[in-house]
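Morning, everyone. I'll walk through the side-chain pairings first, then the packing. Please have the model up.

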Amino acid sequence: MKRETLFLKVVIFLMAIPVLAVCIFVVPPLTTFAGELIPKIPYLQYVFLFALYLTAIAYFVALYQALRLLSYIDRNIAFSELSVKALKNIKYCALIISGLYVLCMPIIMFMAEVDDAPGLGALGLIITFASFVMAVFAAVLQKLLKNAIDIKSENDLTV
């Protein structure tokens, strides 16, 4: 393992710990609260729980793809189709997170209104837009890497 990517790998593991803690300690009471707020639609609590856990799964998949990308850099195969595929998977995970939060925003905004917590609605918007920005950034990197691979293969053929 190279020293340059060791720090980034540790950071990725440290990014996973708080989300895992939120999934264990915050999400179940939050969805129970959502179920108590809207007793006319009891299944909504489970839809909200499923959506939040699905976003966590997409987040962990994106972190795993980032670890794979760092391992490609360690093995000096960063300019390969494997890296392009990892970036594409990160882009899809970020779009899934953004889409699920857009679908859950009415529930989040209703909870924020009832509980008089405007920060909850802002947090939902921040997560939505941040994941969308990450998806755009991953798409740009994917396109740049694909162009660099094409130029490299062209240069290999001319020599």
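Start with charge. The count of salt bridges here comes to two. Keep in mind that this is a predicted model.

Take the pair of D74 and K9. Their closest N and O atoms are 2.8 Å apart, and they form a salt bridge. Where do the two partners sit? D74 lies in helix α3, and K9 lies in helix α1, residues 3-25. So the pair ties together parts that are 65 residues apart in sequence. For reference, helix α3 covers residues 44-74. The contact between the D74 and K9 side chains also counts as a polar contact, again at 2.8 Å.

Is D74 buried or exposed? Buried, at 14% relative accessibility. K9 counts as buried too, at 13%. The cut-off for buried is under 20%. Side chains of opposite charge can pair when their charged atoms come close.

Now the other bridge. E81 and K146 meet through their side chains, with N to O at 2.9 Å. E81 is in helix α4, and K146 is in helix α5, residues 118-158. This pair also links distant parts of the chain, 65 residues apart. What about exposure? E81 is partly exposed, with a relative accessible area of 43%. K146 is partly exposed as well, at 31%. So we have a bridge with both partners buried, D74 at 14% and K9 at 13%, and a bridge with both partners partly exposed, E81 at 43% and K146 at 31%.

On to the packing. Which residues touch the most other members of the largest nonpolar core? F48, I107 and I108, out of 18 residues in that core. The elements that give two or more residues to this core are α2, residues 27-37, along with α3 and α4, the last being residues 81-115. Helix α4 gives the most, with nine residues.

Look at F48 in detail. Leaving out residues up to four places away in sequence, F48 touches L30, T31, A34, C104, I107, I108 and M111. Apart from this core lies another one, of eight residues. Its members include I12, A16, A66 and L67.

C104 came up as a contact of F48, which takes us to the cysteines. How many disulfides are there? Zero. Why does C104 have no partner? Its sulfur is 13 Å from the closest cysteine sulfur, in C23, and that is too far for a bond. The limit is 2.5 Å. C93 gives a similar story: its closest cysteine sulfur is also in C23, 14 Å away, too far for a bond. Both cysteines are out of the solvent by our cut-off: C93 is buried, with a relative accessible area of 7%, and C104 is buried, also at 7%.

Last item, aromatics. The count is one aromatic pair. The rings belong to Y59 and F60, with centres 5.9 Å apart and planes at 65 degrees, so the pair is edge-to-face. Over 60 degrees is what that label needs. F60 is partly exposed, with a relative accessible area of 28%.

To recap. Two salt bridges, zero disulfides and one aromatic pair. The largest nonpolar core has 18 residues, and α4 gives it nine of them. That's the tour. Over to you for questions.

Terms used
Residues are numbered from 1 along each chain as its sequence is written. This is a predicted model: local features need pLDDT of at least 70, side-chain atom pairs count only at pLDDT 80 or more; totals for chains, interfaces and linings use all residues. Side-chain values use heavy atoms; hydrogens and water are left out. Buried means under 20% relative accessible area, exposed over 50%, partly exposed in between (1.4 Å probe, protein chains only). Rings of Phe, Tyr and Trp (its six-membered ring) pair if their centres lie within 6.5 Å; planes under 30 degrees apart count as stacked, over 60 as edge-to-face and the rest as tilted. Helices (H or I, at least four residues) and strands (E, at least two) are DSSP runs, numbered from the N terminus. A polar contact is a pair of N or O atoms within 3.5 Å; within protein, one must be able to donate a hydrogen and the other to accept it, and residues adjacent in sequence count only if both atoms are side-chain atoms. A nonpolar core is a set of buried Ala, Val, Leu, Ile, Met, Phe, Trp, Tyr and Cys residues joined through side-chain atoms within 4.5 Å. Contact means heavy atoms within 4.5 Å. A salt bridge is a side-chain nitrogen of Lys or Arg within 4 Å of a carboxyl oxygen of Asp or Glu.
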